[in-house]
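Okay, everyone, settle in. I'll put a structure up on the screen, and then we'll walk through it together.

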Amino acid sequence: CDRFLMAEPRPDAAADPSAAFAEVVVYLDVQTGLQLGCEQRDAAGGLVGAYYFRDVEKNPAFAADEFKPAGLRKP
């Protein structure tokens, strides 16, 4: 069971061009090449989504059970 699966069908930009992003801006750190943000706009210039990664930690340490079922439960 995929808990992140949306109920609506995925938009098809080939069938409906208005479902496509007309502009995508990607923000990169020039020294490391890491992506620090992204903005997506529709054909009318409206903001569809904006994502900014402000607290990026390179090579973080993870506990041995971090990605096992017990480690994924919220406290």
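So, E39: buried or exposed? E39 is buried, because its relative accessibility is just 13%. Buried here means under 20% relative accessible area, exposed means over 50%, and partly exposed is in between, with a 1.4 Å probe and protein chains only. Before I go on: this is a predicted model, so local features need pLDDT of at least 70 and side-chain atom pairs count only at pLDDT 80 or more, while totals for chains, interfaces and linings use all residues. Residues are numbered from 1 along each chain as its sequence is written, and side-chain values use heavy atoms, with hydrogens and water left out.

Back to E39. Its side chain meets that of R41 in a salt bridge, 3.8 Å from N to O. The term means a side-chain nitrogen of Lys or Arg within 4 Å of a carboxyl oxygen of Asp or Glu. How many salt bridges does a search of the whole structure find? It finds 1. R41 counts as partly exposed because its relative accessibility is 25%.

Between those two sits Q40, in strand 2, residues 35–41. Strands are DSSP runs of E, at least two residues, and helices are runs of H or I, at least four, all numbered from the N terminus. Q40 is buried, again because of a 13% relative accessibility. Setting aside neighbours within four places in sequence, Q40 has contacts that include F21, V24, L47 and Y51; contact means heavy atoms within 4.5 Å.

Now the sheet. It's open, with 3 strands in the order 1-2-3 and antiparallel pairing. Strand 1 (23–28) and strand 3 are the edges, each pairing on one side only. Strands 1 and 2 pair over 6 bridges, in the antiparallel sense; to count as paired, two strands need at least two DSSP bridges between them. One such link: V25 has E39 in strand 2 as its bridge partner.

Over to Y51, which lies in strand 3, residues 47–52. Y51 is partly exposed, because its relative accessibility comes to 44%.

Last stop, N59, in the loop between strand 3 and helix 1 (69–72). N59 isn't a glycine, yet its phi is positive, about 50 degrees. Why point that out? Because most residues other than glycine have a negative phi. And N59 counts as exposed, because its relative accessibility is 75%.
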